[in-house]
Amino acid sequence: MSLALTDLLRHPVVQAPMAGGVAVPQLAAAVSEAGGLGFLAAGYKTADGMYQEIKQLRGLTGFPFGVNVFMPQPETPDPAAVGVYAHQLAGEASWYATGLGDPDDGRDDGYDAKLAVLLDNPVPVVSFHFGVPARDVLDALRRAGTFTLATATTPDEARAVQDAGADAVIAQGAEAGGHRGTHRDCPETDCSGIGLLPLVSQVREAVDIPIVAAGGIMHGSQIAAVLAVGASAAQLGTAFLATHESGAHVLHKQALTNPLYTRTEPTRAFSGRPARALVNRFLREHGRYAPAAYPDVHHLTAPLRKAAATAGDPQGMALWAGQGHRMARELPAGQLVEVLAAELTATRTALSAGGTR
Ligand SMILES: Cc1cc2nc3c(=O)[nH]c(=O)nc-3n(C[C@H](O)[C@H](O)[C@H](O)COP(=O)(O)O)c2cc1C
(Lines give C-alpha, C1' and ligand atoms only; values in the text may rest on other atoms or scores of the structure.)
Protein backbone atom coordinates (compact mmCIF):
# COMPACT_ATOMS: atom_id res chain seq x y z
CA MET A 1 0.00 0.00 0.00
CA SER A 2 1.43 3.39 -0.92
CA LEU A 3 2.09 6.10 1.66
CA ALA A 4 0.51 9.55 1.73
CA LEU A 5 2.67 12.65 2.12
CA THR A 6 1.02 13.33 5.48
CA ASP A 7 2.19 9.91 6.77
CA LEU A 8 5.77 11.06 6.27
CA LEU A 9 5.83 14.27 8.29
CA ARG A 10 4.27 15.74 11.42
CA HIS A 11 4.90 19.32 10.26
CA PRO A 12 4.54 20.40 6.60
CA VAL A 13 8.27 21.15 6.41
CA VAL A 14 10.63 19.40 4.02
CA GLN A 15 14.37 20.09 4.25
CA ALA A 16 15.57 20.48 0.66
CA PRO A 17 18.18 18.03 -0.54
CA MET A 18 21.33 20.12 -1.06
CA ALA A 19 24.18 18.55 -3.00
CA GLY A 20 27.76 19.62 -2.47
CA GLY A 21 28.05 18.41 1.12
CA VAL A 22 25.27 20.56 2.65
CA ALA A 23 22.52 17.98 3.29
CA VAL A 24 24.58 15.66 5.49
CA PRO A 25 22.99 12.82 7.51
CA GLN A 26 23.16 14.87 10.75
CA LEU A 27 21.01 17.60 9.15
CA ALA A 28 18.45 15.19 7.69
CA ALA A 29 18.24 13.30 11.01
CA ALA A 30 17.68 16.48 13.04
CA VAL A 31 14.85 17.58 10.71
CA SER A 32 13.13 14.18 10.64
CA GLU A 33 13.44 13.80 14.42
CA ALA A 34 11.73 17.19 14.84
CA GLY A 35 8.77 16.15 12.67
CA GLY A 36 9.82 17.53 9.29
CA LEU A 37 11.16 15.44 6.42
CA GLY A 38 14.95 15.33 6.20
CA PHE A 39 16.63 14.71 2.84
CA LEU A 40 19.98 13.41 1.65
CA ALA A 41 21.36 14.67 -1.66
CA ALA A 42 22.83 11.92 -3.85
CA GLY A 43 23.89 14.45 -6.52
CA TYR A 44 27.64 14.40 -7.31
CA LYS A 45 28.12 11.34 -5.06
CA THR A 46 28.88 7.79 -6.14
CA ALA A 47 26.18 5.17 -5.59
CA ASP A 48 28.27 3.75 -2.76
CA GLY A 49 28.77 7.21 -1.21
CA MET A 50 24.99 7.62 -1.25
CA TYR A 51 24.50 4.18 0.32
CA GLN A 52 26.99 4.92 3.11
CA GLU A 53 25.09 8.15 3.95
CA ILE A 54 21.77 6.27 3.99
CA LYS A 55 23.24 3.73 6.43
CA GLN A 56 24.59 6.55 8.60
CA LEU A 57 21.22 8.33 8.58
CA ARG A 58 19.38 5.12 9.49
CA GLY A 59 21.65 4.93 12.53
CA LEU A 60 20.62 8.44 13.57
CA THR A 61 16.84 8.32 13.13
CA GLY A 62 14.00 5.88 12.74
CA PHE A 63 11.76 8.55 11.22
CA PRO A 64 11.07 8.78 7.46
CA PHE A 65 13.60 10.58 5.25
CA GLY A 66 14.22 11.13 1.56
CA VAL A 67 17.04 10.73 -0.97
CA ASN A 68 17.32 13.03 -4.00
CA VAL A 69 18.69 11.82 -7.34
CA PHE A 70 19.77 13.86 -10.39
CA MET A 71 18.44 12.80 -13.79
CA PRO A 72 21.05 12.01 -16.50
CA GLN A 73 21.82 14.94 -18.79
CA PRO A 74 21.72 15.01 -22.61
CA GLU A 75 24.84 15.71 -24.66
CA THR A 76 26.01 19.33 -24.60
CA PRO A 77 24.88 21.00 -27.85
CA ASP A 78 28.08 23.05 -28.28
CA PRO A 79 31.20 21.40 -26.76
CA ALA A 80 33.41 24.05 -28.42
CA ALA A 81 31.79 26.67 -26.17
CA VAL A 82 33.11 24.73 -23.16
CA GLY A 83 36.63 24.99 -24.60
CA VAL A 84 36.22 28.75 -25.00
CA TYR A 85 34.99 29.03 -21.39
CA ALA A 86 38.02 27.01 -20.22
CA HIS A 87 40.25 29.66 -21.85
CA GLN A 88 38.26 32.42 -20.18
CA LEU A 89 38.81 30.71 -16.80
CA ALA A 90 42.57 30.35 -17.23
CA GLY A 91 43.24 33.44 -15.10
CA GLU A 92 41.15 31.97 -12.25
CA ALA A 93 43.15 28.73 -12.39
CA SER A 94 46.45 30.56 -12.12
CA TRP A 95 45.13 32.89 -9.38
CA TYR A 96 44.04 29.93 -7.24
CA ALA A 97 47.14 27.93 -8.29
CA THR A 98 45.11 24.98 -9.48
CA GLY A 99 44.04 23.33 -12.74
CA LEU A 100 40.63 23.16 -14.36
CA GLY A 101 38.57 19.98 -14.11
CA ASP A 102 37.79 17.54 -16.93
CA PRO A 103 34.51 18.70 -18.52
CA ASP A 104 33.86 15.14 -19.76
CA ASP A 105 33.81 13.66 -16.27
CA GLY A 106 30.38 12.00 -16.72
CA ARG A 107 26.83 13.21 -17.41
CA ASP A 108 24.58 10.59 -15.79
CA ASP A 109 25.68 11.11 -12.16
CA GLY A 110 25.61 7.33 -11.64
CA TYR A 111 21.84 7.26 -12.17
CA ASP A 112 21.43 3.52 -12.88
CA ALA A 113 23.74 2.48 -10.04
CA LYS A 114 21.90 4.76 -7.60
CA LEU A 115 18.50 3.39 -8.66
CA ALA A 116 19.81 -0.15 -8.19
CA VAL A 117 20.85 0.70 -4.60
CA LEU A 118 17.50 2.40 -3.89
CA LEU A 119 15.56 -0.61 -5.21
CA ASP A 120 17.70 -3.12 -3.28
CA ASN A 121 17.58 -1.08 -0.06
CA PRO A 122 14.35 0.93 -0.27
CA VAL A 123 14.11 4.27 1.52
CA PRO A 124 10.84 6.01 2.49
CA VAL A 125 11.05 8.83 -0.10
CA VAL A 126 12.96 9.48 -3.35
CA SER A 127 12.83 12.75 -5.29
CA PHE A 128 14.28 13.57 -8.71
CA HIS A 129 15.80 16.84 -10.00
CA PHE A 130 16.38 17.97 -13.63
CA GLY A 131 13.62 15.82 -15.11
CA VAL A 132 11.30 12.95 -14.46
CA PRO A 133 12.13 9.23 -14.65
CA ALA A 134 10.38 6.72 -16.88
CA ARG A 135 7.12 5.30 -15.53
CA ASP A 136 8.64 1.84 -14.93
CA VAL A 137 11.25 3.39 -12.60
CA LEU A 138 8.58 5.16 -10.54
CA ASP A 139 6.42 2.01 -10.53
CA ALA A 140 9.35 -0.09 -9.32
CA LEU A 141 10.05 2.38 -6.50
CA ARG A 142 6.38 2.38 -5.50
CA ARG A 143 6.35 -1.44 -5.40
CA ALA A 144 9.39 -1.18 -3.11
CA GLY A 145 7.29 1.00 -0.77
CA THR A 146 8.96 4.31 -1.69
CA PHE A 147 7.05 7.60 -2.06
CA THR A 148 8.26 9.46 -5.17
CA LEU A 149 8.44 13.13 -6.17
CA ALA A 150 10.03 15.15 -8.97
CA THR A 151 10.70 18.86 -9.37
CA ALA A 152 8.67 21.00 -11.79
CA THR A 153 9.15 24.68 -12.60
CA THR A 154 6.10 25.10 -14.90
CA PRO A 155 2.55 23.67 -15.05
CA ASP A 156 3.59 21.61 -18.12
CA GLU A 157 6.48 20.04 -16.21
CA ALA A 158 4.10 19.31 -13.32
CA ARG A 159 1.79 17.48 -15.77
CA ALA A 160 4.78 15.46 -16.98
CA VAL A 161 5.59 14.52 -13.37
CA GLN A 162 2.00 13.38 -12.77
CA ASP A 163 1.77 11.54 -16.12
CA ALA A 164 4.94 9.59 -15.34
CA GLY A 165 3.26 8.32 -12.16
CA ALA A 166 5.05 10.22 -9.37
CA ASP A 167 3.20 10.44 -6.04
CA ALA A 168 3.74 14.20 -5.67
CA VAL A 169 5.35 17.16 -7.41
CA ILE A 170 7.79 19.75 -6.06
CA ALA A 171 6.80 23.14 -7.49
CA GLN A 172 10.04 25.13 -7.54
CA GLY A 173 9.56 28.87 -7.90
CA ALA A 174 12.02 31.28 -9.49
CA GLU A 175 13.05 32.53 -6.01
CA ALA A 176 14.71 29.19 -5.18
CA GLY A 177 18.36 28.86 -4.25
CA GLY A 178 20.61 26.45 -6.13
CA HIS A 179 19.84 24.81 -9.46
CA ARG A 180 16.52 25.33 -11.15
CA GLY A 181 15.07 21.88 -11.72
CA THR A 182 13.86 22.53 -15.27
CA HIS A 183 13.36 19.26 -17.14
CA ARG A 184 15.42 20.63 -20.04
CA ASP A 185 17.93 23.42 -20.04
CA CYS A 186 16.48 26.21 -22.15
CA PRO A 187 19.12 28.65 -23.40
CA GLU A 188 16.88 29.63 -26.32
CA THR A 189 13.82 30.53 -24.22
CA ASP A 190 12.99 32.79 -21.29
CA CYS A 191 14.61 31.20 -18.26
CA SER A 192 13.51 33.77 -15.72
CA GLY A 193 11.01 31.33 -14.21
CA ILE A 194 7.65 31.69 -12.49
CA GLY A 195 7.39 33.07 -8.97
CA LEU A 196 6.32 30.57 -6.32
CA LEU A 197 2.76 31.75 -5.52
CA PRO A 198 1.59 31.97 -9.16
CA LEU A 199 3.41 28.70 -9.90
CA VAL A 200 1.71 26.76 -7.08
CA SER A 201 -1.69 28.17 -8.05
CA GLN A 202 -1.19 27.14 -11.69
CA VAL A 203 0.22 23.72 -10.80
CA ARG A 204 -2.80 23.19 -8.50
CA GLU A 205 -5.04 23.67 -11.54
CA ALA A 206 -2.85 21.44 -13.73
CA VAL A 207 -2.48 18.29 -11.55
CA ASP A 208 -4.29 16.28 -8.86
CA ILE A 209 -1.25 14.96 -7.00
CA PRO A 210 0.02 16.70 -3.82
CA ILE A 211 2.32 19.71 -4.26
CA VAL A 212 5.42 20.54 -2.24
CA ALA A 213 6.25 24.24 -2.70
CA ALA A 214 9.90 25.41 -2.86
CA GLY A 215 11.57 28.78 -3.35
CA GLY A 216 12.33 31.68 -1.03
CA ILE A 217 10.47 30.23 1.99
CA MET A 218 12.15 31.27 5.24
CA HIS A 219 9.30 31.86 7.73
CA GLY A 220 6.23 29.95 8.91
CA SER A 221 3.92 32.67 7.59
CA GLN A 222 5.22 31.90 4.07
CA ILE A 223 4.44 28.22 4.63
CA ALA A 224 0.88 29.30 5.52
CA ALA A 225 0.77 31.21 2.22
CA VAL A 226 1.77 28.24 0.05
CA LEU A 227 -0.60 25.92 1.93
CA ALA A 228 -3.37 28.47 1.31
CA VAL A 229 -2.84 28.31 -2.46
CA GLY A 230 -2.88 24.53 -2.64
CA ALA A 231 0.44 23.08 -1.51
CA SER A 232 0.56 20.25 1.03
CA ALA A 233 4.02 21.10 2.36
CA ALA A 234 6.94 23.47 1.85
CA GLN A 235 10.52 22.55 0.92
CA LEU A 236 13.17 24.89 2.35
CA GLY A 237 16.81 24.94 1.27
CA THR A 238 18.48 28.24 2.17
CA ALA A 239 16.76 28.30 5.58
CA PHE A 240 18.35 24.93 6.48
CA LEU A 241 21.69 25.81 4.88
CA ALA A 242 22.29 28.20 7.77
CA THR A 243 21.54 25.68 10.55
CA HIS A 244 24.14 24.20 12.89
CA GLU A 245 24.01 20.71 11.35
CA SER A 246 24.26 21.85 7.73
CA GLY A 247 27.51 20.81 6.07
CA ALA A 248 27.81 24.12 4.18
CA HIS A 249 31.18 25.89 4.37
CA VAL A 250 31.20 28.42 7.21
CA LEU A 251 31.88 31.25 4.72
CA HIS A 252 28.80 30.23 2.74
CA LYS A 253 26.67 30.29 5.93
CA GLN A 254 28.04 33.69 6.95
CA ALA A 255 27.52 35.17 3.47
CA LEU A 256 23.74 34.57 3.65
CA THR A 257 23.28 37.44 6.12
CA ASN A 258 26.40 39.47 5.28
CA PRO A 259 25.25 42.91 4.01
CA LEU A 260 28.12 42.78 1.49
CA TYR A 261 25.92 40.47 -0.58
CA THR A 262 22.99 42.57 -1.68
CA ARG A 263 21.30 40.23 -4.11
CA THR A 264 21.07 36.83 -5.76
CA GLU A 265 21.00 35.97 -9.44
CA PRO A 266 20.51 32.81 -11.51
CA THR A 267 23.81 32.02 -13.21
CA ARG A 268 25.49 29.41 -15.41
CA ALA A 269 28.94 30.58 -14.28
CA PHE A 270 29.64 27.68 -11.90
CA SER A 271 27.88 24.70 -13.50
CA GLY A 272 26.52 25.61 -16.97
CA ARG A 273 22.86 25.36 -15.82
CA PRO A 274 20.90 28.23 -14.25
CA ALA A 275 21.33 28.18 -10.47
CA ARG A 276 20.60 31.01 -8.04
CA ALA A 277 23.55 32.28 -5.99
CA LEU A 278 24.65 35.35 -4.07
CA VAL A 279 26.27 37.73 -6.54
CA ASN A 280 30.03 37.59 -5.89
CA ARG A 281 33.10 38.35 -7.98
CA PHE A 282 33.18 35.04 -9.88
CA LEU A 283 29.50 35.29 -10.83
CA ARG A 284 29.83 38.94 -11.91
CA GLU A 285 32.91 38.29 -14.05
CA HIS A 286 31.95 35.01 -15.71
CA GLY A 287 28.13 34.83 -15.55
CA ARG A 288 27.75 36.97 -18.69
CA TYR A 289 29.37 34.48 -21.06
CA ALA A 290 29.23 31.08 -19.30
CA PRO A 291 27.84 28.53 -21.78
CA ALA A 292 24.73 26.36 -21.42
CA ALA A 293 26.71 23.19 -20.80
CA TYR A 294 25.80 21.18 -17.69
CA PRO A 295 27.45 19.27 -16.12
CA ASP A 296 30.53 20.05 -18.27
CA VAL A 297 31.00 23.46 -16.62
CA HIS A 298 30.32 21.96 -13.16
CA HIS A 299 33.24 19.56 -13.71
CA LEU A 300 35.40 22.33 -15.22
CA THR A 301 35.02 24.72 -12.28
CA ALA A 302 35.10 22.12 -9.46
CA PRO A 303 38.84 22.60 -8.66
CA LEU A 304 38.42 26.40 -8.74
CA ARG A 305 35.53 26.33 -6.26
CA LYS A 306 37.42 23.92 -4.03
CA ALA A 307 40.59 26.04 -4.13
CA ALA A 308 38.61 29.21 -3.33
CA ALA A 309 37.03 27.49 -0.31
CA THR A 310 40.43 26.22 0.86
CA ALA A 311 41.86 29.74 0.48
CA GLY A 312 38.93 31.14 2.51
CA ASP A 313 37.80 33.27 -0.45
CA PRO A 314 33.98 33.44 -0.77
CA GLN A 315 34.35 35.58 -3.92
CA GLY A 316 35.38 32.46 -5.85
CA MET A 317 32.86 30.03 -4.30
CA ALA A 318 29.38 29.07 -5.51
CA LEU A 319 27.31 30.75 -2.77
CA TRP A 320 23.97 29.12 -3.64
CA ALA A 321 21.10 31.00 -2.00
CA GLY A 322 17.43 31.76 -2.51
CA GLN A 323 15.94 35.23 -2.57
CA GLY A 324 15.02 35.01 1.12
CA HIS A 325 18.65 34.56 2.28
CA ARG A 326 18.65 37.65 4.51
CA MET A 327 16.08 35.92 6.73
CA ALA A 328 18.34 32.93 7.45
CA ARG A 329 18.45 31.95 11.13
CA GLU A 330 21.48 30.23 12.59
CA LEU A 331 19.69 27.66 14.77
CA PRO A 332 19.89 23.93 15.37
CA ALA A 333 17.88 22.36 12.52
CA GLY A 334 15.34 20.68 14.83
CA GLN A 335 14.69 24.00 16.53
CA LEU A 336 14.16 25.66 13.15
CA VAL A 337 11.48 23.06 12.33
CA GLU A 338 9.76 23.82 15.64
CA VAL A 339 9.98 27.59 15.13
CA LEU A 340 8.57 27.31 11.59
CA ALA A 341 5.72 25.11 12.84
CA ALA A 342 4.92 27.61 15.64
CA GLU A 343 4.98 30.52 13.16
CA LEU A 344 2.66 28.59 10.86
CA THR A 345 0.21 27.98 13.70
CA ALA A 346 0.38 31.62 14.82
CA THR A 347 -0.30 32.82 11.26
CA ARG A 348 -3.27 30.52 10.85
CA THR A 349 -4.66 31.59 14.23
CA ALA A 350 -4.25 35.27 13.36
CA LEU A 351 -5.84 34.78 9.94
CA SER A 352 -8.82 32.86 11.32
CA ALA A 353 -9.29 35.63 13.91
CA GLY A 354 -9.39 38.12 11.04
CA GLY A 355 -6.03 39.74 11.80
CA THR A 356 -2.59 39.63 10.25
CA ARG A 357 0.58 38.26 11.82
C1 LIG B 1 22.95 24.85 -1.60
C2 LIG B 1 21.78 24.28 -2.35
C3 LIG B 1 21.92 23.05 -2.96
C4 LIG B 1 20.83 22.47 -3.62
N5 LIG B 1 20.96 21.20 -4.14
C6 LIG B 1 19.85 20.56 -4.60
C7 LIG B 1 19.91 19.18 -4.93
O8 LIG B 1 20.94 18.52 -4.81
N9 LIG B 1 18.77 18.59 -5.38
C10 LIG B 1 17.58 19.28 -5.49
O11 LIG B 1 16.57 18.69 -5.86
N12 LIG B 1 17.51 20.59 -5.18
C13 LIG B 1 18.61 21.23 -4.73
N14 LIG B 1 18.52 22.55 -4.37
C15 LIG B 1 17.24 23.28 -4.58
C16 LIG B 1 16.27 22.97 -3.45
O17 LIG B 1 15.71 21.69 -3.61
C18 LIG B 1 15.10 23.97 -3.40
O19 LIG B 1 14.44 24.03 -4.63
C20 LIG B 1 15.55 25.38 -3.00
O21 LIG B 1 16.49 25.35 -1.98
C22 LIG B 1 14.34 26.17 -2.54
O23 LIG B 1 14.64 27.52 -2.44
P24 LIG B 1 15.24 28.20 -1.10
O25 LIG B 1 16.68 27.84 -1.12
O26 LIG B 1 14.97 29.63 -1.31
O27 LIG B 1 14.52 27.60 0.06
C28 LIG B 1 19.60 23.16 -3.72
C29 LIG B 1 19.48 24.43 -3.11
C30 LIG B 1 20.55 24.98 -2.43
C31 LIG B 1 20.38 26.31 -1.76
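## The largest pocket

Let's start with the largest pocket, which holds about 1000 Å³ of space. Its lining is made by 49 residues, and the ones closest to the pocket's centre are M18, A19, G20, V22 and W320. Keep in mind as you look around that this is a predicted model.

Who builds the lining? Helix 14 (296–310) and helix 11 (238–241) each put in at least two residues. So do strand 3 (65–70), strand 4 (125–129), strand 6 (168–172), strand 7 (178–179) and strand 9 (233–236). Helix 14 is the top contributor, with five residues in the lining. Sort the lining by class and you get 24 nonpolar residues, 22 polar ones and three charged ones.

## Just before helix 14

Since helix 14 has come up, have a look at the loop between helix 13 (281–286) and helix 14, where P295 sits. The peptide bond joining Y294 to P295 is cis, with omega at about 5°.

## Helix 6 and helix 7

Next up are some helix pairs. Two packed helices are described by the angle between their axes and the distance between the axes. For helix 6 and helix 7, the angle is about 25° and the axes are 10 Å apart. An angle under 35 degrees counts as roughly parallel, so helix 6 is roughly parallel to helix 7.

Where do they touch? On the helix 6 side you'll find Y111, L115, L118 and L119, and they meet V137, A140 and L141 of helix 7. This contact has seven nonpolar residues, with no polar and no charged ones.

## Two positive phi values

A couple of backbone oddities can be found in the loops beside these helices. D109 is in the loop between helix 5 (90–95) and helix 6 (111–120). Its phi is near 50°, a positive value in a residue that isn't glycine.

F130 has a place in the loop between strand 4 and helix 7 (135–143). Here too phi is positive in a residue other than glycine, with a value near 75°. Strand 4, on one side of that loop, is also one of the elements that line the largest pocket.

## Helix 8 and helix 9

Now for helix 8 (residues 155–164) and helix 9 (residues 196–206), whose axes come within 9 Å and cross at roughly 45°. That angle makes helix 8 oblique to helix 9. As for handedness, helix 8 passes helix 9 in a right-handed crossing.

The contact brings together P155, A158, R159 and Q162 from helix 8 with L199, Q202, V203 and A206 from helix 9. It's a mix by class: five of the residues are nonpolar, two are polar and one is charged.

## Helix 2 and helix 15

The last pair is helix 2 (residues 25–33) with helix 15 (residues 333–352). Their axes come within 7 Å and cross at roughly 35°. Helix 2 passes helix 15 in a right-handed crossing.

Which residues make this contact? Helix 2 offers L27, A30 and V31, while helix 15 offers A333, G334 and V337. Five of these count as nonpolar and one as polar, and there are no charged residues.

Technical notes:
Residues numbered from 1 in each chain as written. Predicted model: local features only at pLDDT ≥ 70, side-chain atom pairs only at ≥ 80, totals over all residues. Heavy atoms only, no water. 1 Å grid on protein atoms, 1.4 Å probe; cavity = no way out; pocket = protein on both sides within 12 Å on 5 of 7 lines; lining within 4 Å. Points joined across faces, edges and corners; volume = space filled by probe spheres on them. Helix = DSSP H or I, 4+ residues; strand = E, 2+ residues; numbered from the N terminus. Nonpolar A, V, L, I, M, F, W, Y, C, P; charged D, E, K, R; others polar. Axes fitted to C-alpha atoms, helices over the stretch in contact; angles between N-to-C directions. Parallel < 35°, antiparallel > 145°, perpendicular 65-115°, else oblique. Left-handed = near helix turned anticlockwise from the far one by under 90°. Contact = heavy atoms within 4.5 Å.
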